[in-house]
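Q: Please provide a close look at the helix packing in this model. How are the packed pairs arranged, and which residues bring them together?

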Amino acid sequence: MIEVDALRKSYGGRQAVHAVRGVTFAAPDGEITGLLGPNGAGKTTLLRMIATLVAPDAGSARVDGIDVTTGRQQVRRRIGVLSDARGLYPRLTARENVRYFGRLHGLRGDALDARIDRLFATLGATPIAERRAAALSQGERMKVAIARALVHDPQTLLLDEPTNGLDILSVRTLREHLHTLRGEGKCLLFSSHVLQEVAALCDRIVVLAQGRVVAVGTQPELVARAGAGNLEDALIALIGSPEGLAA
Amino acid sequence: MKAGSETTFRHRAGAHRTRAGNSSLTLPSASRTFAILRKELLETLRDRRTGVVTLVSAILAGPILLLLIFNLIASQAERARDLALPIVGAEYAPAIVAFFERAQVRVSAAPADYEAGIRRGDLDVVLVIDERFAADIAQGKPGLVRLVFDRSRDRARPAIDQAEALLRAYNRTWGEQRLALRGVTSTVAYPLRVESADLATPQQSGALVLFLVAYYGLFASVMGGMAVALDTTAGERERQSLEPLLATPARPVEIVVGKWLAVCAFDALVVALTLAGFYLTLAYAPLPAVGVPFLFGGREFGRFLLVLLPLMLLLPAILLYVGSRARAYKEAQANVSVLLFVVSLIPVVQLFLQRREPGWLMFVPVSAQYSLLNTALRGEALALSQWLLSWTTPALLVVIALVAVARRLGRESILSGR
């Protein structure tokens, strides 16, 4: 469960960039919440604040009731982060990449290896487990990065543009896996600027534009609210311009 | 947390404390630091190309350098032993020529373009006898002989010295004979008797070799950790693996200490291999016998490692700091060349100053180590107090550098390109 309340963040001094200006929303457990917005809408900054990597200027964010500024370490144990850049270590094998993060989360020995085996099996990554990350395809790297984000069995998963650079088949695998996680009662927060992704995956959509929440709701709700025929028209109506939204 | 099958795996003690703890109040975790150290070492060992190049050049530095130097010394000694002296105008002073021949000097007629020959390095030294030599002597005037050489040529120096010494000896013998004819003892003309007593111990005579061994020891402690330190900081940032890492419970101080220990380990390995190269070459290689009873044995090897220990901890910390300030590996490499320049320049400056070293030198990293290395190489005992003093500044700087890197990792700007 993620609760974000009037969160603000700006970068720089005099000519500050207001990345996030007063965002409020909630992402409940057992649902996939999508952050949809054009490039530069503040999605990454928002996710980084929830992931305790960036401190908010004002407002608050809580993960499972724990504040991200006062309970940093607690929050970090409860979240899994899949950043835009997969950031695997190219010289380590898929398994070693995941094992490293498992150790940082306090997991050890056989229990950790068994956990990695299970994750790789569900993700269909068992054949590549002993291959170096440098030799993996984009889709395979994504699988390893997901396994790494899930190694400590976090209740909350933050995914920043997880489908970037993936082929259709890999996107499909990802989608299925995220649905499974939702079925397990996890809280999933997913950011994307690709409309179709969000529409196909998310139960609830938070539309961001220029650092503000423009609309929140399910797909039919958004369409109805904008009085448009489909989601794309609805979004363009809500955001004010089609700029930055990939078709 | 979801209960059920996943709760079976073991968590680190205290990982699930319910009270939200501020990250700055809890102690760093040794197990996370160790996990980071382990991963960095594994990653370094996997980087075959960098690893092989670093290790091979470390091992080969000693043998190659020593071989070159010993051959240089040997060839100089040879040149001094059998001096070849081309003479212009040998017919004007046959007595001088005969004197040189008696001293086992290979005398020959100089080619017409002897000056060009000296400039090219084909000839070391040429003796020119003035055509009015015999006439001047007969009139009681000093006879003119001229030695032509190029002193900037190191190789020629022994030959030049030898030719000068022989001419001086001839001059003196001739003078003594003239005095003897007049019934005067030679002490009238030469009241001084100069005797030289060289107090250099056998180890001290190979000064150039000493300098190079010390220099390479220092150099290895910079080069050894460089690739790893930059890869683990600037490289990690460039590959964008830093963001997921920072989102784990691993805290900046744990990350920095883990990485630092990994770099130190590799640095120590490279230093040890470099010194081992020198040790093995001097102990077993068939080096030309040049009369440099130079000593770098097991004891010196151990002392070297002890002296370099503060640097093996300090330089990795500084390299990590330099690396953490760069956005990419290449940028870091450019910045690190400044550090390399300073470290390699200090011993050279010290070599040329040749003054008695002031006491505060022990507080200057690199300088202190260079001075202690020289002490060890001269076969003198290392003073424990000096060694402990040489730790002061490095220890302080290690803490400052590591705190600075940890603070950089804690900053938000590390995630962006700024």
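**Helix packing in chains B and A**

A: The crossing of α10(B) and α11(B) is right-handed (the near helix is turned clockwise from the far one by less than a right angle; anticlockwise would be left-handed). The model is predicted, so local features need pLDDT of at least 70 and side-chain atom pairs pLDDT 80 or more, while totals for chains, interfaces and linings use all residues. Residues are numbered from 1 along each chain as its sequence is written, with chains lettered from A and ligands numbered from 1 in the order in which they are written.

In chain B, α10 covers residues 298-324 and α11 residues 329-353 (helices are DSSP runs of H or I, at least four residues, numbered from the N terminus). Their axes lie 9 Å apart at an angle of about 140 degrees (lines fitted to C-alpha atoms over the stretch in contact; angles from 0 to 180 degrees between N-to-C directions). The two helices are therefore oblique to each other (neither under 35, roughly parallel, nor over 145, roughly antiparallel, nor 65 to 115, roughly perpendicular). From α10(B), B:Ile318, B:Leu319, B:Val322 and B:Gly323 meet B:Ala332, B:Asn335, B:Val336 and B:Leu339 of α11(B) (C-beta atoms, placed from the backbone, within 7 Å). This contact has six nonpolar, two polar and no charged residues (nonpolar: Ala, Val, Leu, Ile, Met, Phe, Trp, Tyr, Cys, Pro; charged: Asp, Glu, Lys, Arg; polar: the others, Gly among them).

In chain A, helix α3 (residues 94-104) packs with helix α5 (residues 138-150) at about 25 degrees, the axes being 8 Å apart. That angle makes α3(A) roughly parallel to α5(A). α3(A) passes α5(A) in a right-handed crossing. A:Ala94, A:Asn97, A:Val98 and A:Phe101 of α3(A) meet A:Val144, A:Ala147 and A:Arg148 of α5(A). By class, the residues of this contact are five nonpolar, one polar and one charged.

Technical notes:
Two residues are in contact if their C-beta atoms, placed from the backbone, lie within 7 Å.
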